[in-house]
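Colleague: I would like to go through the labels on this model one by one. Please give me the reasoning behind each.

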Amino acid sequence: MSTHKKSGHPEQPPQLDAWQNTIARMPITLRPTLNQQLAEWPTLFPFEQARLADFFSAADSYSPAELSSLMAGLRSLEAKMGIADASFSQNGETLEFASQIARSAYYPQWRGEVQRVFNAIEARAAGEQKQRLPQRRLVLLVLPRNLPVERQTFSQYWQTSASEFQLTGDCEQFLHALMYGEANAPSIPDLLGSQPGVDPSELWFIDAENWLSTSSSKTPATPLSALSFAELKPFRDQFLAQLNTIPRDLSGADQVVASLRRTDWTPWCPAALNSQPRLQRFVVDLFLSGNGALIFSSAFAEWAASEAIRRARPRVVAVRFGMRSKPKPFTSIAIFENQEKVSVLPDQADPPNSAVDAAILARYVWLAAARYPEYEQALCLCIAENLNAGWMIAPPGLLQPGGRVFSPAELNSFVTRWITNRA
Amino acid sequence: MNEHHRVSLSRREFLRSTIGATTASLFSMRSYGARALSANPRQKVVIVTFGGGARDDETFSVDGQQYIPHLLNTLAPQSCFFTQVINRGILGHYVATASIATGAYETFDNFVAQPPEHPTIFEYFRRDLRRPAEDAWVIAPGDLFAQMGSSRSRRYGPDAGAEVILPKHLLASVLGDAGGSQLDSYPELLRDTYEMPAAAATYGADAEQMHQIIQRMKLDPAQLRAQAATLASPDELSVYMAKHVMRTFAPSLLFLTLHDIDIAHSGAYSLYLEGIQRTDRLCAELWSEIESNPEYKGKTTLLIMPDFGRDGDSDPGGNGFQHHRTGSASARTTWMMALGSGIRQKSIVHRPIESIDLAPAVAGLFGVDARQAQGKPIPELG
């Protein structure tokens, strides 16, 4: 039986039996997470698959005595926590499992011990890997012109770590050039797509609105993982309706969550998303894990970008933030409700507060990236179009272009030279 | 210096420079025993949990002070301020609030309504002082909190507990009287929790019970409907209800849980800030009510404390202000403000206390013994 789908993503891990045996030798509380990742292998991004394979390879390199010694502290804690009598499933992560662990008096120690075990195994895995040159990466954060960002608010998030620059002309042209290319300059998707074996998870464009589909008649070259909050509206509405059926008990909630993961969302998804099942599943998990991702466009953009960075470690992640509506009188902060459904009043944009939201959430995307060593060689640009200004965090050693004023074309040239190792 | 201490230090320095607060020393306090022996029989205590967890960054830091003008300019100069209150328990709102009420870290499932395991301060107060049910009330934000007025303890239990009011349930009930279709006009007031996606409450159940509560509270349904139409948030409804209870029953022990700030889970920073500003204003309103109500003026201690904080911007595994999942110092370290009867004004307390110390401290103010609490009394409140 083939273990590969048409998309080329293997349906099963290459060493499923061996890895399942490894999991069986692990303490009980490690099993749900690891088993779930094996079960969801086809939905994992290449980075996650490689990391998991490295983890098992390193774990298997421990002798039984070494492994026993490494896990002794965790097993001891599990005994104190009464885990042996616990009723949670070991096949995957559930709210019931999380709840039982979190309610234990030993929960903080358990977290620390789990972290220690994973750190030890991953350190061994890192030691076994060949030293690779860190890849150059780009984190691009765009606050569009319709968000009236205040310079002082914006500066406070970036001034200690970034240098400010000015943009001349039409700022939007920079993003346009980056995604669609110019006469003598290929786009970022073109550049990455020309490299062999590039996966769509290497390049993300996450949009609080629907800029990508409305700003040009062209379609950006693949590979690309593109998500638009606006274009996901039918999906979001349907998802929210089903999410609101979650009952007030953990086993019931787990059943609904499992059901939401199994549901065929094809009728409600944009065609582009339906052609990328792994990306569609990413969105389902996103909606289940980030409370505001279903409701507020910039919250969606931030959480999607942070999760993409955590799970896929893309070489390029571009995020465009957006507007949210004012809370309506007597519907207002009806979070997790569909405002259009609960009020007949028309939506009214809230530019000042949308700008406040986007300013801090843009910084959160960079903080999410900065946690990982893969982003040590990342260039971060945050652009506030209404200010015709941006902030740049350059990796060590990057010679920044002279001057602090760029045209969109100059900035595009700088960025593309950077990402293609020509800067 | 540990992380909890670092978080609290910024508050302390800030308050000292802003309101000229001095350090309160344990040596200047009366002993717990002396306090208990001389407890004022007219003593009243109002406890307010500061709305669903707020960080220093948006409250007591230099950048945050703009969002709490009432706490800072009106209440802090009259208060004894505790700069380091640590919550070492589960960081879920109901279980944490119940832990504050019991003085012991409760370990039940945060998303299931149930009574706490340990006796609550309401039970100690009512049982030991033989007080009637109307003398202890809880105003709670949602149905998860419905059973926090009394414990599972066989020795105590509902007969010794507090009256628990769920203002949104009452509103839903009176709106139901006028026609169920109106419910859709008030979803913001009926929102139950921001902590878990789609954890909406089921209103309309136990209509008869709601009707009885409305009658017992001497609430005028028409007036409540009219008032609700002027309110902007669930917490405004809760404070309206708290004032009604204070004016109608003048309970000696009132526990008000504010929750608007928890909208931070939605990822809308501006709404989180708006929640903090509203909570700041509502705390001042409540203090004003205490000062203007003859049943409370001069004999009431007001205690304001967040149930816990929120994750720091750089906390690994977190998402900044949005959640309280990491268990970091930012999420666990908060503050407490004590005002009113017997409180030494313009003082600050350096030493760390825990959120579960509040129940034994309140027990001390009433001269009762929170015998099963794990927290310690707070002598500085004496």
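Colleague: Where in chain A is A:Asn388 found?

Modeller: This is a predicted model, to begin with. A:Asn388 sits in a loop of chain A, after strand 6 (378–384) and before strand 7 (389–393).

Colleague: Why is A:Asn388 called partly exposed?

Modeller: Its relative accessible area is 25%. Buried would need under 20%, and exposed over 50%. A:Asn388 therefore counts as partly exposed.

Colleague: What is the sign of phi at A:Asn388?

Modeller: Positive, about 50°, although A:Asn388 is not a glycine. Most residues other than glycine have a negative phi.

Colleague: Which residue of chain B has a positive phi of about 50° although it is not a glycine?

Modeller: B:Lys346 is one, with a positive phi of about 50°. B:Lys346 is also in a loop, between strand 8 (333–340) and strand 9 (347–349) of chain B.

Colleague: What makes B:Lys346 partly exposed?

Modeller: Its relative accessible area is 40%. The exposed class starts over 50% and the buried class lies under 20%. So B:Lys346 is partly exposed.

Colleague: Now a helix residue. Is B:Ser173 buried or exposed, and how do you know?

Modeller: Its relative accessibility is 16%. The cut-off for buried is under 20%, so B:Ser173 counts as buried. B:Ser173 belongs to helix 6 (residues 167–178) of chain B. Leaving out residues up to four places away in sequence, B:Ser173 touches B:Met210 and B:Ile214.

Colleague: How much of chain B is buried?

Modeller: Buried residues are 66% of the 382 in chain B. The chain has 13 helices and 10 strands. It exposes about 12600 Å², with 49% of that from carbon and sulfur atoms.

Colleague: What share of the contacts in chain B with a separation of 6 or more comes from residues 24 or more positions apart?

Modeller: They account for 76% of those contacts.

Colleague: Turn to helix packing. At what angle do helix 1 and helix 3 of chain A pack?

Modeller: About 60°, with the axes 10 Å apart. Helix 1 covers residues 16–24, and helix 3 covers residues 46–60.

Colleague: Why is helix 1 of chain A called oblique to helix 3 of chain A?

Modeller: Roughly parallel needs an angle under 35 degrees, and roughly perpendicular runs from 65 to 115. An angle of about 60° fits neither, so helix 1 of chain A is oblique to helix 3 of chain A. The crossing of these two helices is left-handed.

Colleague: Which residues meet there?

Modeller: Helix 1 of chain A brings A:Trp19, A:Thr22 and A:Ile23. Helix 3 of chain A brings A:Ala53, A:Phe56, A:Ala59 and A:Asp60. By class, this contact has 5 nonpolar residues, 1 polar and 1 charged.

Colleague: What makes B:Gln227 partly exposed?

Modeller: The relative accessible area of B:Gln227 is 28%. That falls between the limits of 20% and 50%, so B:Gln227 is partly exposed. B:Gln227 is in helix 9 (residues 221–228) of chain B. From B:Gln227 to B:Tyr240 it is 13 residues in sequence and 8.5 Å in space, C-alpha to C-alpha.

Colleague: How do helix 9 and helix 10 of chain B cross?

Modeller: At roughly 145°, with axes that come within 11 Å. Their crossing is right-handed. B:Gln223, B:Leu224 and B:Gln227 of helix 9 meet B:Leu237, B:Tyr240 and B:Met241 of helix 10. That contact has 4 nonpolar, 2 polar and no charged residues.

Notes. Residues are numbered from 1 along each chain as its sequence is written. Chains are lettered from A and ligands numbered from 1 in the order in which they are written. This is a predicted model: local features need pLDDT of at least 70, side-chain atom pairs count only at pLDDT 80 or more; totals for chains, interfaces and linings use all residues. Side-chain values use heavy atoms; hydrogens and water are left out. Helices (H or I, at least four residues) and strands (E, at least two) are DSSP runs, numbered from the N terminus. Buried means under 20% relative accessible area, exposed over 50%, partly exposed in between (1.4 Å probe, protein chains only). Contact means heavy atoms within 4.5 Å. Accessible areas come from the Shrake-Rupley method with a 1.4 Å probe; for residues, only the protein chains shown count as cover. Axes are lines fitted to C-alpha atoms, for helices over the stretch in contact, and angles run from 0 to 180 degrees between N-to-C directions. Angles under 35 degrees count as roughly parallel, over 145 as roughly antiparallel, 65 to 115 as roughly perpendicular and the rest as oblique. A crossing is left-handed if the near helix is turned anticlockwise from the far one by less than a right angle, and right-handed if clockwise. Ala, Val, Leu, Ile, Met, Phe, Trp, Tyr, Cys and Pro count as nonpolar, Asp, Glu, Lys and Arg as charged, and the others, Gly among them, as polar.
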